[in-house]
Amino acid sequence: MITTALPILVPFVFIIVFLFLRSSRLTQWLSLFGSSILVVVSVYLYSRVTSIGIQVLHVGGWKAPFGISLVIDHLSGIMLLATSVIVLSISVYSFSYIEKQFPFSRFYLFFFALIMGVNGAFITGDIFNLYVWFEVILMSSFVLITLGSKKAQLEGGIKYMALNIFGSLLFLAGLGLLYGQTGTLNMAHLAAILREEQHALQVNPATILFFVAFGIKAAVFPLFFWLPASYHTANITITSLFSGLLTKVGVYALIRVFTLFFVQDQHFWHNLILIIAGLTMLVGGLAATSQYETRKILSYHIISQIGYMIMGLGIFTPLAVAGAIFFMVHNMVAKTNTFLISGVISRLKGTYQLKEVGGLFIQNPLLAILFIIPALSLAGFPPLSGFFAKFILFKSGIENHNYLITAAALLTAMLTLYSMTKIWIEAFLKKQPDGTEANPAQNKLSVFDILPSAILGLISVAMGVFAGNFFGMCLEAANNLINPVLYIETMLQ
Amino acid sequence: MEITLAILIGLLYAVGAYMILRRSILKFIIGIIFLSNATNLLVFISSGIVAGKPVFVKGARIDGPLADPLPQALVLTAIVIGLGIVVFSLALKYKFFSETGTDDLDQLKKTDE
Amino acid sequence: MNSIILQLAEKYIRWIFLIFSVIVLIRGHNQPGGGFIAGLLAGLAIIFKGFAFTPGHVNPKLENRSQILIGAGILAIALSFIPSVLFGQPFMQGSWFIFSLPAIGSVKAGTPFLFDIGVFLAITGVVFMFFFSLTTPK
């Protein structure tokens with residue numbers, strides 16, 4: 001069905017429009033329109049996946065495994081849904097934050113190119129095509145992160161570029177080795193081949209290359225240094241967008257390849273993944289505690305949260321993978337939301353330094369409420385989404401006797417709580433420090449500042465209140481991942 | 001033929017690894033070029049070299065193995081992507097140099113604090 | 001670079017490049033060639049002045065046109081998808097039309113060719129963009 005390609009085609013059409021359109025207010029409204037269409041499309045596609053089954057499109061009529069196939073299964077559907085929500089809120093948010101510094105057309109052009117890349121990575125069923133979408137993401141994020149050409153941005157851009165290009169090259173090399181061993185690039189075909197035979201040793205070099213490559217993209221423990229060095233330099237809209245989407249694509253790719261076809265030698269790989277998950281959590285969480293700049297705290301935080309998602313993959317029971325998916329969606333929503341709020345704070349106060357701000361609770365109680373929802377959600381308070389995400393992961397960890405990683409995760413939850421409390425106390429409860437003004441920029445908040453956080457906050461609450469329903473979705477996706485017979489059959493029929 | 005290419009790939013990887021460990025940003029980018037060429041070659045020989053045989057050419061008589069077209073297509077795509085990435089990183093380096101006047105990676109410490 | 005030979009030959013070489021790029025574009029479907037290489041050739045032909053003289057000799061208006069060229073190219077690529085959707089074929093399948101023109105004879109044109117033209121235009125624009133981003137400091 002052609003509808004399967006819509007998550008790629010919709011941004012593609014808008015890219016064409018933005019190429020011809022000159023900077024104007026129209027671009028912003030069009031981007032809002034485009035992201036609303038994406039929400040509708042992803043809801044429609046997910047409903048098709050649940051009602052009819054896995055959606056497959058063989059591009060150009062070339063049957064799998066010869067051509068490129070696009071495939072939407074439950075996991076892809078959930079990821080598309082989450083992405084479209086993030087994109088919609090960022091579109092609204094960009095109204096007040098992209099206005100002055102940037103040429104509009106450039107930002108919106110690469111914004112949609114990034115969305116196209118992310119959606120493409122989620123729905124492709126071809127491993128080389130995945131590489132191409134990763135490069136689309138990489139190129140557009142290069143441009144976005146250096147948009148504005150400030151000194152710090154260029155410096156952050158170079159660091160971002162250096163590690164990510166290296167990761168892409170490793171991915172490509174792994175791909176070459178994998179193709180040399182199996183003679184196919186179609187993921188379902190790869191799964192069919194590699195699940196039948198036990199040639200673990202021949203595939204292990206490719207596996208380690210894939211693991212390091214996706215590890216760089218997902219910012220796991222020894223490979224995360226590009227993230228805190230570059231994220232805080234970009235415009236806050238772009239940082240929020242990246243925090244919601246970029247690392248999650250890496251995690252998605254890890255989950256996809258390690259559940260689908262890298263299934264040999266499971267004991268070794270799952271142990272390695274668990275060790276890395278634990279270290280990622282702890283190092284990210286500890287690094288966040290030493291920071292006093294909101295964006296840096298939140299950047300280190302992204303890393304510590306990546307650990308939880310990888311942990312779910314490492315435990316590798318349906319419950320744990322479902323927990324990882326739940327956590328991923330929860331994290332995309334809540335993390336983007338905290339970044340959006342930190343942008344609003346800096347708009348009011350003119351700075352991201354926590355030591356120079358204060359008194360926001362009295363100044364703007366609504367903002368305080370909007371912040372406390374994602375903050376408590378990230379820290380794991382019931383009845384918000386983070387509680388259930390962590391609960392599922394802890395439960396699966398204890399059931400599977402992975403006590404050490406569960407302990408590390410619990411400890412990291414404390415560290416998260418500490419960081420969130422730090423922002424809360426410093427920015428909201430503390431009095432305005434002497435010698436600084438309450439509102440130096442004289443900015444008034446408009447509906448475009450508040451609305452995206454309100455949307456995302458509501459989703460966080462809804463994911464907590466209707467946790468049962470959402471968990472059902474995740475568990476179905478996880479079952480289809482752990483036992484991908486349906487995926488393979490649908491694709492190769 | 002494969003042995004020769006394998007040695008060449010190893011050599012390119014070694015040179016690339018050496019270059020990306022240098023302090024200059026420009027040399028880093030040159031290292032990336034080496035690494036990306038090594039990777040392209042690695043993908044190219046992944047299906048084995050079938051010397052002197054066509055891929056799919058109209059009218060060609062099939063005696064013996066045909067060349068696998070897929071790695072060639074993959075390498076073409078990878079080369080195009082590599083071109084884009086190298087030009088972007090050069091442009092970035094150029095902008096960074098005209099902004100700060102330094103080509104030294106050790107000077108890039110401001111965003112890490 | 002300051003070579004008088006190159007500077008004198010530049011305007012002829014440019015046209016040779018351009019014509020050659022069109023040939024490469026047309027033969028690209030079944031033989032070595034195609035939109036990407038043709039686009040590189042055409043783009044290089046137009047900015048060749050910048051190599052023969054100084055980068056400043058290249059028409060600075062090209063920088064703005066690069067975006068339009070890329071847009072036109074991607075538009076052509078998008079248009080090449082439409083027939084497959086209209087005819088109910090698998091998405092992005094090529095459709096071929098054979099028609100006869102006076103003096104040339106029967107011509108075979110199809111959506112893959114339109115796709116190639118799109119790549120050609122987009123890459124030409126990309127070459128301009130590369131050139132200006134590497135020569136003019138912003």
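Helices (H or I, at least four residues) and strands (E, at least two) are DSSP runs, numbered from the N terminus. This is a predicted model: local features need pLDDT of at least 70, side-chain atom pairs count only at pLDDT 80 or more, and totals for chains, interfaces and linings use all residues. Residues are numbered from 1 along each chain as its sequence is written, chains are lettered from A, and side-chain values use heavy atoms, without hydrogens and water.

**View 1. Chain C, overall.** Chain C holds four helices and two strands. Their order from the N terminus is α-α-α-β-β-α. The C-alpha trace spans about 55 × 40 × 25 Å along its principal axes. Of the 138 residues, 38% count as buried (under 20% relative accessible area; 1.4 Å probe, protein chains only).

**View 2. The nonpolar surface patch.** Phe20(A) joins residues of chain C in this patch, among them Ile68(C), Leu75(C), Phe97(C) and Leu101(C). Together the patch residues have about 910 Å² of accessible area. Such areas come from the Shrake-Rupley method with a 1.4 Å probe; for residues, only the protein chains shown count as cover. Patch members have over 30% relative accessible area and no salt bridge (a side-chain nitrogen of Lys or Arg within 4 Å of a carboxyl oxygen of Asp or Glu). Nonpolar side chains (Val, Leu, Ile, Met, Phe, Trp, Tyr) are joined within 5 Å, like charges within 9 Å.

**View 3. Helix 3 of chain C and Leu86(C).** Helix 3 gives the most to the patch: five residues. Leu86(C) is found in this helix. Leu86(C) counts as exposed because its relative accessibility is 65%, and exposed means over 50%.
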